[in-house]
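Morning, everyone. I have one structure to walk through, and I will take it piece by piece.

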Amino acid sequence: MILAIESSCDESALALFDPVRGLIGEWVHSQIALHQTYGGVVPDLASREHLERFPALLALAAQQREYEAVTQIAVTYGPGLAGCLALGLAMAEALALTKNVPLIGVNHLRGHVWSPFISLQADSPAMFTEKLRDLLPHLGLIVSGGNTILFLLEEGGNLRVINRTVDDAAGEALDKGAKLLGLPYPGGPLVEQLALKGDAKAYDFPRALGEGGKEAASPFSFSGLKTSLRYRLQKMSVAEIETTKASLCASYQAAVIGQLVAKTESVLDDHSDNLPLIKSLGLSGGVANNRTLRGSFQSLAQRHQLPLLIAEPKHTGDNAGMIAFAAWADSVHTQPFCPAQPAVFEPSLSL
């Protein structure tokens with residue numbers, strides 16, 4: 001029985017996970033309303049909110065009879081905001097000392113890697129290992145406000161980064177584009193809503209795809225896209241922006257998604273000796289909730305006749321369910337001494 005803690009940014013989250021039954025319970029407090037006034041996450045306020053909210057969440061978790069059966073504490077140890085991570089780690093160490101159980105450190109991104117597999121394990125826990133074997137090597141894309149990473153989850157649990165952004169993340173680009181358009185924080189979902197009413201071909205925004213069909217070789221890049229939108233808006237009147245905002249959003253979003261899909265497909269098309277035969281495709285991270293992106297990946301998977309695993313909406317953002325699952329999955333499905341294994345900490349006052 002694993003009790004997991006997530007506090008990397010602006011969500012305070014706990015989860016209980018039983019390998020035999022799946023996730024027993026999940027508790028999350030979101031800070032979106034708190035940070036909306038400032039147009040983004042304020043680290044000091046986020047840390048203070050974790051300090052205030054975690055006791056109530058822990059009280060809810062402790063009401064579950066499974067709480068007394070906890071044999072392991074899992075906690076996000078990075079990446080994230082230092083102050084926020086410190087609070088989660090302090091709480092995790094205190095609980096590990098109190099219960100006299102091991103403390104496992106989980107990389108936040110590793111949680112996103114495993115998140116599309118949570119529902120697969122929940123459907124048939126006893127068959128999960130066999131089903132997982134048929135899906136590896138797995139090509140996955142993490143798309144969030146802070147990260148854009150294309151990775152390969154190989155047999156034995158080894159993780160290989162294939163591509164990543166050199167500047168802004170895709171989610172960050174959507175949020176910053178929304179801010180330029182005068183939309184409130186968080187702007188990514190609002191861009192998606194307006195885009196449904198607009199023409200995605202109305203404006204031609206850059207996609208940083210590389211030259212000569214070398215999409216896979218060139219990294220993700222979204223800062224130029226954001227600059228292009230700024231220059232476009234500077235040439236337009238306020239009235240013109242308001243009347244064409246839906247098409248601006250649709251075209252801007254299409255440039256973001258177009259790059260994500262093109263670079264992912266270029267890896268699927270790479271039949272050189274550098275990559276093994278990919279058996280499944282995955283999508284995770286907060287931006288994975290975008291319906292247009294999900295639809296594009298469904299089409300991509302169909303073109304390449306691959307099963308597609310997309311994290312459930314509640315497991316796309318920051319959540320403790322994926323941290324608990326990653327702690328278990330890495331311990332069970334990662335080869336001994338593999339660098340991808342989670343860090344194991346002895347609960348002590350020096351952590």
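A residue counts as buried when its relative accessible area is under 20%, and as partly exposed when the value lies between that and 50%. Keep that in mind for the cysteines. One caution before them: this is a predicted model.

So, how many disulfides does the structure hold? Zero. Take Cys-9, whose closest cysteine sulfur is in Cys-84, at 6.3 Å. A disulfide needs the two sulfur atoms within 2.5 Å, so this pair is too far apart for a bond. Cys-84, in turn, is in no disulfide, and its nearest cysteine sulfur is that of Cys-9. Is Cys-84 buried or exposed? Its relative accessibility is 0%, so Cys-84 counts as buried. Cys-9 is partly exposed, at 22%.

Next, Thr-76. This residue sits in strand β4, which covers residues 72–78. Thr-76 has a relative accessible area of 0%, so it is buried as well. What does its side chain make a polar contact with? The side chain of Glu-6, at 2.5 Å. Beyond its neighbours within four places in sequence, Thr-76 is in contact with several residues, including Ile-5, Ser-8, Leu-85, His-108 and Ile-323.

Glu-6 belongs to strand β1, residues 2–6, and that takes us to the start of the chain. β1 pairs with β2 in the antiparallel sense, over five bridges. A hairpin of four residues joins β1 to β2, and Ile-2 has Phe-17 in β2 as its bridge partner. On its way onward, the chain passes through a three-residue hairpin from β2 to β3. Strand β3, residues 22–30, is antiparallel to β2 over eight bridges; here Ser-12 is partnered by His-29.

How many residues of β2 are buried? Eight of the eight, so the strand is largely enclosed by the rest of the structure. Both faces are covered: one side has Glu-11, Ala-13, Ala-15 and Phe-17, and the other has Ser-12, Leu-14, Leu-16 and Asp-18.

Phe-17 comes up again among the aromatic rings. Ring pairs link it into a cluster with Trp-114, Phe-117, Phe-128, Phe-325 and Trp-328. The count of aromatic pairs comes to 10. One of them is Trp-114 with Phe-117, an edge-to-face pair with 5.5 Å between centres and 65° between planes. Both of these residues are buried. Another pair is Phe-205 and Tyr-252: the centres are 5.9 Å apart and the planes stand at 85°, so this pair is edge-to-face. It links distant parts of the chain, since Phe-205 is in the loop between α8 and α9, while Tyr-252 is in helix α10, 47 residues apart. Phe-205 is buried at 4% relative accessibility, and Tyr-252 is buried at 1%.

Last, a sheet. Five strands form an open sheet in the order β8-β7-β6-β9-β10, with mixed pairing. Why is one side of β8 and of β10 left without a neighbour in the sheet? These two strands stand at the edges, each with a single partner strand. Neighbouring strands are turned by 20° against each other on average, direction ignored. β7, residues 148–153, pairs with β8 in the antiparallel sense over five bridges, and Leu-153 stands opposite Leu-159 in β8. Helix α11, residues 291–303, packs on the sheet and touches β6, β9 and β10. Its direction makes about 175° with that of β9.

That is where I stop.

Terms used
Residues numbered from 1 in each chain as written. Predicted model: local features only at pLDDT ≥ 70, side-chain atom pairs only at ≥ 80, totals over all residues. Heavy atoms only, no water. Buried < 20%, exposed > 50% of the residue type's maximum accessible area, 1.4 Å probe, protein only. Polar contact = N/O pair within 3.5 Å; in protein donor to acceptor, adjacent residues only side chain to side chain. Contact = heavy atoms within 4.5 Å. Pairing = 2+ DSSP bridges. Axes fitted to C-alpha atoms, helices over the stretch in contact; angles between N-to-C directions. Phe/Tyr/Trp six-rings, centres within 6.5 Å; stacked < 30°, edge-to-face > 60°.
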